[in-house]
Amino acid sequence: MNLRAVKGMKDILPDEISKWHRLESAFRQRVEGYGFREARFPIVEPTALFVRSIGETTDIVEKEMYTFTDRGDKSLTLRPEGTASSVRAFVQHSVQAREPVTKWYYVGPMYRRERPAKGRYRQFYQAGIEVFGDPGPFIDAEVIDMVVGVISTLGITEVEVLVNSIGGPEARENYRVALLAYLAPYRAELCADCQRRVDANPLRVLDCKVPRCAEIAADAPSILKHLTDDDRAHFDGLQETLTILGTPYRVDGSLVRGLDYYTRTLFEVLGKGEGLGAQNALLGGGRYDQMVKSFGGPDTPAIGFAMGLERLLMAMPESEPDSHVDVFIVAAQAGVRGEATLLGRELRDAGLRVESDLRGGSLKSQLRRADKINTRIAMILGEEEVEEGVVQLKDLQNKTQDKVPRAEAAQRVHALLSE
Ligand code: HAM
């Protein structure tokens with residue numbers, strides 16, 4: 001039997017994991033600095049949750065969801081994104097009764113049955129945030145500035161921040177009428193999907209990747225001309241705040257994004273560096289002021305974004321591989337292997353990460369192994385050392401060796417590592 005991972009889904013093996021950890025901890029550290037707290041939601045949700053929030057005529061709902069019937073008769077779906085679950089949980093637990101503004105973050109796998117490509121997978125990881133209860137526009141600018149901060153701590157320098165506003169329901173309705181009028185003469189030239197969706201949701205045409213649809217969309221009227229005065233003031237406020245923060249951005253009136261729940265602010269950060277290929281959207285987000293209410297909660301404005309972790313990893317510069325341990329214990333003779341096991345526990349109790357090869361082997365082969373895994377320090381223990389209560393501490397980086405009392409060994413390693 002030739003069992004392999006599902007197409008579009010990848011194993012992440014330990015050699016890659018330190019880069020993931022670096023990315024995730026940079027994200028956590030930065031967003032916790034803004035008062036965000038982690039929430040964890042189920043990976044499986046009722047299908048209706050996504051249909052009603054992301055929208056029936058979106059690619060995600062029409063083509064990409066992993067939906068199945070469980071052993072009862074419930075239709076369940078592997079989550080394609082995290083915003084819908086956040087809103088469900090916010091409403092389900094009446095979180096608004098506890099705090100005026102709620103700031104959550106999450107990290108985890110999402111599932112979309114898209115055509116696999118470089119930077120596009122069927123299981124991929126997102127790190128996202130959601131803010132409930134603040135109508136903006138200052139929080140909108142702060143959230144955008146925050147994510148630009150995450151990206152720059154990761155060493156990713158070549159990015160472009162795009163912002164747009166699609167207004168509230170009134171602007172959307174006015175725009176829908178104008179857009180339908182513009183699209184009318186091109187109807188027959190649109191792709192089959194767009195022809196089918198155009199009446200229900202003409203905005204989807206602007207997001208279509210089919211070349212002829214994209215050409216038609218390029219000359220469509222701009223939604224920015226249809227904003228109400230309040231929408232316009234909100235968007236101006238966002239831009240003024242980004243300017244105060246010194247966050248570079250570009251207004252892109254054609255940015256609509258592929259999910260239906262958005263209102264007003266939309267943004268995306270594109271990676272400009274090589275190596276990303278066509279899937280260069282590092283993250284996307286926006287405001288969704290109607291969604292909590294439409295899920296039966298109180299009228300609560302909200303904004304959030306999600307970053308694609310695989311894409312950020314591709315854009316991050318390479319760095320020296322770290323070793324997964326601090327010390328490698330080498331047993332000089334077979335007879336001291338028990339004592340070497342005890343030494344390992346002593347060092348671990350003192351907070352060090354320690355490896356050894358308990359199978360034994362020659363001194364040389366054990367040292368080679370220490371070198372191979374990039375360990376900074378090898379600690380050699382032989383019969384004489386056990387007798388004297390010492391260890392040989394070999395600094396593999398500085399190529400020095402010292403005889404150290406066993407009771408002080410851990411302290412010496414800590415001192416070397418913090419130099
Ligand atoms: P999204 O634009 O669908 O937004 O996804 C956000 C990011 O997830 C993308 O910019 C991309 O980096 C990554 N991503 C999406 N699909 C894939 C894929 N198939 N393979 C690899 N990476 C992918 C959302 O999901 C919204 N929930 C964001 C949001 C939060 N809006 C408000 N709050």
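# Why do we call it that?

Me: Arg 264 lies in strand S9. Why is Arg 264 called buried?

Reply: A word on the model before that: it is predicted, with local features needing pLDDT of at least 70 and side-chain atom pairs counting only at pLDDT 80 or more, while totals for chains, interfaces and linings use all residues. Residues are numbered from 1 along each chain as its sequence is written, and side-chain values use heavy atoms, leaving out hydrogens and water. Now your arginine: buried means under 20% relative accessible area, exposed means over 50%, and partly exposed is what falls in between (1.4 Å probe, protein chains only). Arg 264 comes in at 19%, so it gets the label buried.

Me: And what makes S9 a strand?

Reply: Strands are DSSP runs of E with at least two residues, helices are runs of H or I with at least four, and both are numbered from the N terminus.

Me: What makes the backbone of Arg 264 worth a second look?

Reply: Its phi is positive, about 50°, although Arg 264 isn't a glycine. Most residues other than glycine have a negative phi. Asn 374 does it too, with a positive phi of about 65°, but its place is the loop between helix H14 (363–372) and strand S14 (377–381). At 44% relative accessibility, Asn 374 counts as partly exposed.

Me: What makes the peptide bond from Gly 136 to Pro 137 stand out?

Reply: That bond is cis, with omega near 5°. Most peptide bonds are trans. Pro 137 sits in the loop between S6 and helix H5 (138–153).

Me: On to the ligand. How do you know which residues surround it?

Reply: A residue is near a molecule if one of its heavy atoms lies within 4 Å of it. That gives 26 residues around the ligand, with Glu 81, Thr 83, Glu 114, Tyr 262 and Ala 281 the closest.

Me: How do you sort that shell into nonpolar, polar and charged?

Reply: By residue type: Ala, Val, Leu, Ile, Met, Phe, Trp, Tyr, Cys and Pro are nonpolar, Asp, Glu, Lys and Arg are charged, and the others, Gly among them, are polar. The split is 11 nonpolar, eight polar and seven charged.

Me: What makes the approach of Glu 81 to the ligand a polar contact?

Reply: A polar contact is a pair of N or O atoms within 3.5 Å; within protein, one must also be able to donate a hydrogen and the other to accept it, and sequence neighbours count only if both atoms are side-chain atoms. A polar side-chain atom of Glu 81 lies 2.5 Å from a ligand nitrogen, so Glu 81 passes the distance test. Tyr 261 puts a polar side-chain atom 3.0 Å from a nitrogen of the ligand. A polar backbone atom of Gly 308 is 3.2 Å from a ligand oxygen.

Me: How do you know how much of the ligand the protein buries?

Reply: Taken alone, the ligand exposes 660 Å², and the protein buries 96% of that. Those areas come from the Shrake-Rupley method with a 1.4 Å probe; for residues, only the protein chains shown count as cover.

Me: Which elements give two or more residues to the shell?

Reply: Strands S6 (123–132), S10 (281–287) and S11 (302–308). S10 gives the most, with six residues.

Me: What makes two rings an aromatic pair?

Reply: Rings of Phe, Tyr and Trp (its six-membered ring) pair if their centres lie within 6.5 Å; planes under 30 degrees apart are stacked, over 60 edge-to-face, and the rest tilted. The count comes to 12 pairs. Take Trp 104 and Phe 132: at 5.8 Å centre to centre and 75° between the planes, they are edge-to-face. Trp 104 is in strand S5 (residues 102–111) and Phe 132 in S6, so the pair ties together parts 28 residues apart in sequence. Both Trp 104 and Phe 132 are buried.

Me: And why is the pair of Tyr 261 and Tyr 288 called edge-to-face?

Reply: Their centres are 5.7 Å apart with 65° between the planes, so they clear the cut-off for that label. Tyr 261 and Tyr 288 are both buried, and they belong to one aromatic cluster whose members include Phe 41, Phe 90 and Tyr 106.

Me: Last one: what makes Lys 10 sit over the ring of Tyr 121?

Reply: The rule wants NZ of Lys or CZ of Arg within 6 Å of the ring centre and within 35 degrees of the ring normal. Lys 10 lies over the face of Tyr 121, at 4.7 Å from the ring centre. Likewise, the charged end of Arg 52 is over the ring of Phe 295, 5.0 Å from its centre.
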